[in-house]
Amino acid sequence: MGVAGPGHHADRADPAVPAHRHGLPGRRTPRAAPPAVRGGAGLARGLPGGAWALGIGGLFGYHFFYFLALRNAPAVDAGLIAYLWPLLIVVFSAALPGERLRWWHTAGAVLGLGGTFLLVTGGEGVHLRGEYLLGYTAAAVCAVVWSAYSVANRRYPQVPTDMVAFFCLATAALAAVCHLVFEDTVRPDGWQWLAVLALGLGPVGGAFYVWDHGTKHGDIQLLGTFSYFAPLLSTALLVATGRADASWPVAAASVLIAGGATLASADAVRAARRRGRAGPSRPRRG
């Protein structure tokens, strides 16, 4: 390997000169990256360290502790504990500037949690056992991590949602390392690859973009309460496709979740009514 000073660059081709001028047939000038890639890289370089820590810590931390919980506790128990995060979002939102936690916000979230409990357990209850303490603890940490991430994300409204792609890439890299250390590799086959693709595009892909925008610019307390509609919609889809039976717990859960959402949205409903009574603003006459 030759070493040359600043004025000795005969062994390097000038990218501004065509390749044949250097006597290097077949060598082509490297093409610049597409504008979208250059723009994304520029955003990533200028991102505050806190935003990086929050984005990667929230996405990776949530999934790490969630799967740790599922490996060390029954899925029903772990899922219910982990699904405390919508209620915690409502509670944690009181720490945000300009936000006030009213009793109906908390009550609506608690009703939603009760409806989720009925959906997941089928009205039969849950029996927690000491041998699953690690799994229960991981599920609780999972709920705290996701709710804290969602509320703290409000501090970075200037960070574009496009940055979620970089957070997901970093999360995937960390997840690959954890997989190699803690798990055995099982390759999907056939239709399972389509399921993996659908998950990547929806629940663990596009959903993160929508969630990022909502936590930064939406009503954080309503967002937390309305999150309890997710298990209800999943159950309704199973009933509609014949994979689950309609039962009293499903009906009761529907009432609890819908009632909780209505109660928690009292502020938004009153504000909409005031705007309706005020009518459209009229331009002043000069």
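**Helices, a core and two uncertain stretches**

Modeller: Let's start with helix H3 in this predicted model: the elements covering its buried residues include H2, H4, H5 and H6.

Colleague: Which residues of H3 are called buried?

Modeller: Asp77, Ala78, Leu80, Ile81 and Ala82. The label takes a relative accessible area under 20%, so each of these residues falls below that value.

Colleague: And what makes Asp212 buried or exposed?

Modeller: Its relative accessible area is 2%. Buried means under 20%, so Asp212 counts as buried. This residue sits in helix H8.

Colleague: Which residues does Asp212 touch, leaving out those up to four places away in sequence?

Modeller: Tyr149, Asn153, Thr161 and Val164. Contact means heavy atoms within 4.5 Å, so each of the four has a heavy atom within that distance of Asp212.

Colleague: Now the largest nonpolar core. Which members touch the most others?

Modeller: Trp85 and Trp146, out of 42 residues. H2, H3, H4, H5, H6, H7, H8 and H11 each give the core at least two residues, and the largest share, eight residues, comes from H6.

Colleague: What makes Trp85 and Trp146 members of a nonpolar core?

Modeller: A core is built from buried residues of certain types, Trp among them, joined through side-chain atoms within 4.5 Å, so both tryptophans must be buried and linked in that way. As for Trp85, not counting residues up to four places away in sequence, it touches Ala143, Trp146, Ser147, Trp211 and Ser227.

Colleague: How do H2 and H7 pack?

Modeller: Helix H2 (residues 49–72) and helix H7 (residues 164–182) pack at about 35°, with axes 9 Å apart.

Colleague: Why is their crossing called left-handed or right-handed?

Modeller: The crossing is right-handed. That name goes with a clockwise turn of the near helix from the far one, so H2 and H7 are turned clockwise.

Colleague: Who meets whom there?

Modeller: On the H2 side, the residues include Trp52, Gly55, Phe60 and Arg71; on the H7 side, they include Phe166, Thr171, Leu174 and Phe182. By class, the contact has 14 nonpolar, two polar and one charged residues. Gly counts as polar and Arg as charged, so Gly55 is one of the polar residues and Arg71 is the charged one.

Colleague: How do you know which parts to trust less?

Modeller: The chain averages a pLDDT of 83, and 81% of the residues score at least 70. Over residues 1–30, though, pLDDT is below 50, with eight contacts beyond near neighbours in sequence. Residues 32–38 also stay under 50, with two contacts beyond four places in sequence. Where pLDDT is low, predicted coordinates shouldn't be read in detail.

Conventions
Residues numbered from 1 in each chain as written. Predicted model: local features only at pLDDT ≥ 70, side-chain atom pairs only at ≥ 80, totals over all residues. Heavy atoms only, no water. Axes fitted to C-alpha atoms, helices over the stretch in contact; angles between N-to-C directions. Helix = DSSP H or I, 4+ residues; strand = E, 2+ residues; numbered from the N terminus. Buried < 20%, exposed > 50% of the residue type's maximum accessible area, 1.4 Å probe, protein only. pLDDT = per-residue confidence, 0-100.
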